[in-house]
Amino acid sequence: MTMVRTSGVRPRRRWPRVFGLGLLLWAASVVVTLVTGNPNLVPTLILLGSFLVPVTFVLWAFETWRDEDITAELIVTAFVVGGLLGILGASVLETYLLHPSVTLFLGVGLIEEAVKLLALVLVTRGLPRRHTRDGVVLGAAVGFGFAAFESAGYAFNAVLTERGLSVGALVQSELLRGVLAPVGHGLWTAILGGVLFGVCRDGRARLLRPPVLVTLVWVALLHALWDAMPSLAVLATFLLTGSAGQQQLLSAGYLPSPTDAQARLLAQLQFGGMGVVAVLGLLTLGLVWWRSRAEQARYSPLPGPRAWVIARR
């Protein structure tokens with residue numbers, strides 16, 4: 001665990017510029033695709049929209065957290081290899097283990113969080129030392145990689161409709177998932193990574209330790225609530241405001257058409273519920289980060305009137 005000092009001035013951050021430029025290029029791609037109707041630009045839209053926020057995080061992590069152990073190569077490996085391992089493992093397990101039931105969302109949460117945790121263990125197996133905050137950063141990298149590849153799949157499905165290519169549906173999907181990305185997979189795997197690294201500082205992963213297992217269940221529950229929130233919002237809306245006919249249709253397994261007032265209530269319940277889940281996740285991450293202060297307290301900033309610490313573990 002080291003601290004690296006630059007030559008007297010705060011290093012210039014590149015991630016805001018990369019994010020801004022990427023956002024402008026994505027917006028330009030949307031406009032050009034709509035104007036020209038060129039389907040060859042659809043893959044560009046999908047890749048830019050799905051990877052912009054996750055790649056910005058990777059660049060931030062590289063600029064803020066690198067040292068002799070947490071290298072740029074390791075962060076990128078966690079993002080690409082960890083994300084791919086997670087998405088492939090989750091796809092196989094969900095296909096063969098899950099079936100429509102009341103526990104479907106919980107099953108998805110458990111599988112996806114477990115495979116991301118295993119992917120984190122695999123890509124960091126050579127680390128000689130582990131610290132809680134390293135686990136948070138690397139776990140977030142795996143989670144953002146998972147989110148990027150998953151968002152690309154959702155965007156691809158959104159653009160394909162019975163009437164042909166729907167750029168509007170693609171843009172809507174990417175905007176929503178891009179805004180929500182920091183409080184989704186990246187957040188959940190960051191929590192797991194911090195707890196895992198906090199209990200295995202000697203370099204050995206201990207997945208069966210009680211803190212790790214309890215955190216896995218908690219994060220999977222947050223994940224399940226997040227995924228189930230649209231369905232829960234629909235159910236709550238019609239139970240609270242539905243007419244007798246609407247409730248009968250709902251009981252029979254059919255989705256009634258909401259009134260304008262019900263549609264507004266449904267959106268409020270859905271995004272309000274997702275906001276609550278996001279706050280719970282952020283508070284959990286804050287607790288993990290706060291509990292790691294004992295590790296940080298053993299290290300003090302380097303002397304010097306204009307020293308700027310760019311990497312601290």
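This briefing covers the fold, the cores, the open and closed spaces, and a few selected residues of one protein chain. The model is predicted. The chain has 313 residues, and 45% of them are buried. Its secondary structure comes to 11 helices and 4 strands. Long-range contacts feature strongly: among contacts between residues at least 6 apart in sequence, 78% join residues at least 24 apart.

**Nonpolar cores**

- The largest nonpolar core holds 48 residues. Phe-57, Ile-70, Leu-138, Phe-144, Leu-196 and Trp-226 touch the most other members.
- Helices α2 (42-65), α3, α4, α5, α7, α8 and α10 each give two or more residues to this core.
- Leu-138 shows how such a residue is surrounded. Leaving aside neighbours within four places in sequence, Leu-138 is in contact with Ile-70, Leu-74, Ile-75, Ala-78, Leu-120, Thr-124, Leu-127 and Phe-197.
- Another core, of 11 residues, lies apart from the largest one. Its members include Trp-26, Leu-45, Ala-152 and Ala-155.

**The largest pocket**

- The largest pocket has a volume of about 920 Å³.
- Its lining counts 31 residues. Glu-150, Tyr-154, Arg-177, Trp-226 and Asp-227 lie nearest the centre.
- Two or more lining residues come from each of α3 (72-97), α4 (104-123), α5 (132-159), α6 (167-180), α7 (185-198), α8 and α10 (260-291).
- Helix α5 gives the most to this lining, with 7 residues.
- By class, the pocket lining has 16 nonpolar, 10 polar and 5 charged residues.
- Trp-226 belongs to two of these lists. It is among the lining residues nearest the pocket centre, and it is among the residues with the most contacts to other members of the largest core.

**The cavity**

- The structure holds 1 cavity of 30 Å³ or more. The volume of the largest cavity is about 80 Å³.
- Its lining is made of Gly-49, Ser-50, Val-53, Pro-54, Ala-147, Ala-148, Ser-151, Glu-174, Arg-177, Gly-178 and Ala-181.
- Helices α2, α5 and α6 each supply two or more of these residues. The largest share, 4 residues, comes from α2.
- The cavity lining divides into 5 nonpolar, 4 polar and 2 charged residues.
- Arg-177 lines the largest cavity and is also one of the residues nearest the centre of the largest pocket.

**Ser-50, on the cavity wall**

- Ser-50 sits in helix α2. Its relative accessible area is 4%, under the 20% limit, so Ser-50 counts as buried.
- Beyond residues up to four places away in sequence, Ser-50 touches Ala-148, Ser-151, Ala-152, Ala-155 and Glu-174.
- A polar atom of the Ser-50 side chain lies 3.2 Å from the backbone nitrogen of Ala-152.
- Ser-50 and Ser-151 are 101 residues apart in sequence. Their C-alpha atoms are 5.4 Å apart in space.
- Two of the contacts of Ser-50, Ala-152 and Ala-155, are members of the 11-residue core.

**His-185 and His-223**

- His-185 is found in helix α7, and His-223 lies in helix α8 (residues 210-241).
- Buried or exposed? His-185 is buried, at 7% relative accessibility. His-223 is buried too, with a relative accessible area of 1%.
- Which side chains do they meet through polar contacts? The side chain of His-185 is joined to that of Lys-116 by a polar contact of 2.8 Å. The side chain of His-223 makes a polar contact with the side chain of Glu-112 (3.3 Å).
- Not counting residues up to four places away in sequence, His-185 touches Glu-112, Glu-113, Lys-116, Gly-143, Phe-146, Ala-147, Glu-150 and His-223.
- On the same basis, His-223 touches Val-108, Gly-109, Glu-112, Glu-113, His-185 and Trp-188.
- The two histidines thus touch each other. Glu-112 and Glu-113 are contacts of His-185 and of His-223.

**Pro-128, in a loop**

- Pro-128 is found in the loop between α4 and α5.
- Pro-128 is partly exposed, with a relative accessible area of 45%. That value falls between the 20% and 50% limits, which is why neither buried nor exposed applies.
- The C-alpha atoms of Pro-128 and Asp-69 are separated by 7.8 Å. Along the chain, these two residues are 59 residues apart.

Technical notes:
Residues numbered from 1 in each chain as written. Predicted model: local features only at pLDDT ≥ 70, side-chain atom pairs only at ≥ 80, totals over all residues. Heavy atoms only, no water. Buried < 20%, exposed > 50% of the residue type's maximum accessible area, 1.4 Å probe, protein only. Polar contact = N/O pair within 3.5 Å; in protein donor to acceptor, adjacent residues only side chain to side chain. Contact = heavy atoms within 4.5 Å. 1 Å grid on protein atoms, 1.4 Å probe; cavity = no way out; pocket = protein on both sides within 12 Å on 5 of 7 lines; lining within 4 Å. Points joined across faces, edges and corners; volume = space filled by probe spheres on them. Nonpolar A, V, L, I, M, F, W, Y, C, P; charged D, E, K, R; others polar. Core = buried A, V, L, I, M, F, W, Y, C linked by side-chain atoms within 4.5 Å.
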